[in-house]
Amino acid sequence: MTRVGIHDLSMATGQHVLDLDELAAFNGTDPGKYHVGLGLDQMSVLAPDEDVVTLAASAALPIVQAHGTERIRTLLVATESGVDASKAVAVWVHRLLGLNPGCRVVELKQACYSATAGLQAALGIVARNPGEQVLLIAADVARYDLDSAAEPTQGAGAVAMLVGADPDLVTIEPVTGVRTADVDDFWRPTDRTTALVDGRLSVSAYVDALTGAWDDFAARGGVPVEQIDRWCYHQPFTRMSVKAHRKLAQHVGAAFSDDDLTDASRYNRRLGNSYTASLYAGLASLLDHDDDLAGRRVALFSYGSGSVGELFTGVVEPGYRSAERAQRHAKALDERKPVDVRRYRDLHTAAVHRSDVDVEVPVASGTPFRFAGVRSGARQYVPGA
Ligand code: CAA
């Protein structure tokens, strides 16, 4: 059978960063709650001329530059932060990246989960057409109300993946475990720009989805737990992956260590939540920091509130290490410009644009692509300055 999986991967994030110590000082919280209790140190914040479209295109640009566009016949953008109820984020991204007109393009939605549905669909496409590649981008801006309990778990990020046959990075194995249940733990009605959430319910719904997906995985002939070398979870806050890992250990009767998760959470501690991108930012972090992954099997757990969970495995290919990729990711995180709480709160409010008012957004960032404003109700995207 043809090996299919992730051939290359690239992460991008916002131009600004808020240190959670500053948020803690502002709202009188012990910073230990954020650093230890939630496992978060910072959150990415977007500049006024960034949004989910510019994030998605920026993440994918290095992939297109490295591999060309000839074989890309499908572009999937998975996001919870779509900017139009009809037009797909992927259509703007397709133009910004200069992809071929002969390319199917669509946006996928199911809270933080949809990139995994996109990955499974992409694997099916490339298994049937091994000459083709699918560009899959998970991109999100996690936004909750100011002064809410969920506020420290915001963030932003995008991960682009080139999915193809004979992949250079990770071969995805065929068995997956899935679990869907209708739960009102986190959702965003179309008249809102911030999510509604029942925090406690969301944590228990996540764990139920994990154990349910594991049971389905096991029932369908997935490998036993002893044959899994590394674990990578959706990380709305990195401590969630620790809670999940402990629960799964109890569920399957295994002895896991919290240390199993350190390398897969280094980027997420600094990004904050990035919804669809969170699991794959975790994978990027693991690939960039663990130098003993060749031939190792990684279990990945994807969770999207509402709720859908999926657990699957991949085997890391020899030669997966790339100093260039790791440096690029470190640069994206290190070069964010710090904002104080006042500026962050202004940006949080300013991010919302009405469609019935024309607006021109001045150049604010040095990103490869910019949101330039709204003209006749339509959002405008242009190459960066
Ligand atoms: N030092 C160390 N730890 C501290 C501390 C201190 N000074 N003060 C508190 N803590 C610990 C608490 O003991 C608690 O630990 P446990 O969870 O192990 O008990 C932890 O910090 C968090 O404290 P609280 O439970 O009091 O926090 P909270 O009620 O203010 O809210 C939250 C936490 C529910 C996660 C909230 O931030 C939230 O609603 N976030 C958004 C929802 C979310 O991310 N849910 C995750 C699952 S859903 C999902 O995965 C989809 C998605 O992406 C949204």
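**A pocket between two domains' residues**

Biologist: From which domains does the lining of the second largest pocket draw at least three residues each?

Modeller: The model is a predicted one. In it, at least three lining residues of the second largest pocket come from each of two domains. These are domain 1 (4-169 + 323-383) and domain 2 (171-316).

Biologist: What volume does the second largest pocket have, and which residues are the closest to its centre?

Modeller: The volume of the second largest pocket is about 700 Å³. Its lining is made of 29 residues. Closest to the centre are Thr153, Gly199, Ser202, Val203 and Phe237.

Biologist: Which helix gives the most to the lining of the second largest pocket?

Modeller: Helix H2 (31-38), helix H6 (199-219) and helix H7 (238-252) supply at least two lining residues each. With five residues, the one that gives the most is H6.

Biologist: How many residues of this lining are nonpolar, polar and charged?

Modeller: Gly counts as polar in this division. On that basis the lining of the second largest pocket has five charged residues, nine polar and 15 nonpolar.

Biologist: Why is the protein said to be as compact as a globular protein of its length?

Modeller: The protein has 11 helices and 17 strands. For 385 residues the globule rule gives 21 Å, and the protein is close to that, so it is as compact as a globular protein of that length. The radius of gyration behind this is 19 Å.

Biologist: What share of the residues of the protein count as buried?

Modeller: Buried here means under 20% relative accessible area. Of the 385 residues, the share that meets this is 56%.

Technical notes
Residues are numbered from 1 along each chain as its sequence is written. This is a predicted model: local features need pLDDT of at least 70, side-chain atom pairs count only at pLDDT 80 or more; totals for chains, interfaces and linings use all residues. Side-chain values use heavy atoms; hydrogens and water are left out. On a 1 Å grid over the protein atoms alone, a cavity is a set of points where a 1.4 Å probe fits but cannot get out, and a pocket is an open set with protein on both sides within 12 Å along at least five of seven lines; lining residues have an atom within 4 Å of a point. Grid points are joined across faces, edges and corners, and a volume is the space filled by probe spheres set on the points. Helices (H or I, at least four residues) and strands (E, at least two) are DSSP runs, numbered from the N terminus. Domain bounds come from an automatic or database domain assignment. The radius of gyration is taken over C-alpha atoms; the globule rule is 2.2 Å times the number of residues to the power 0.38. Buried means under 20% relative accessible area, exposed over 50%, partly exposed in between (1.4 Å probe, protein chains only).
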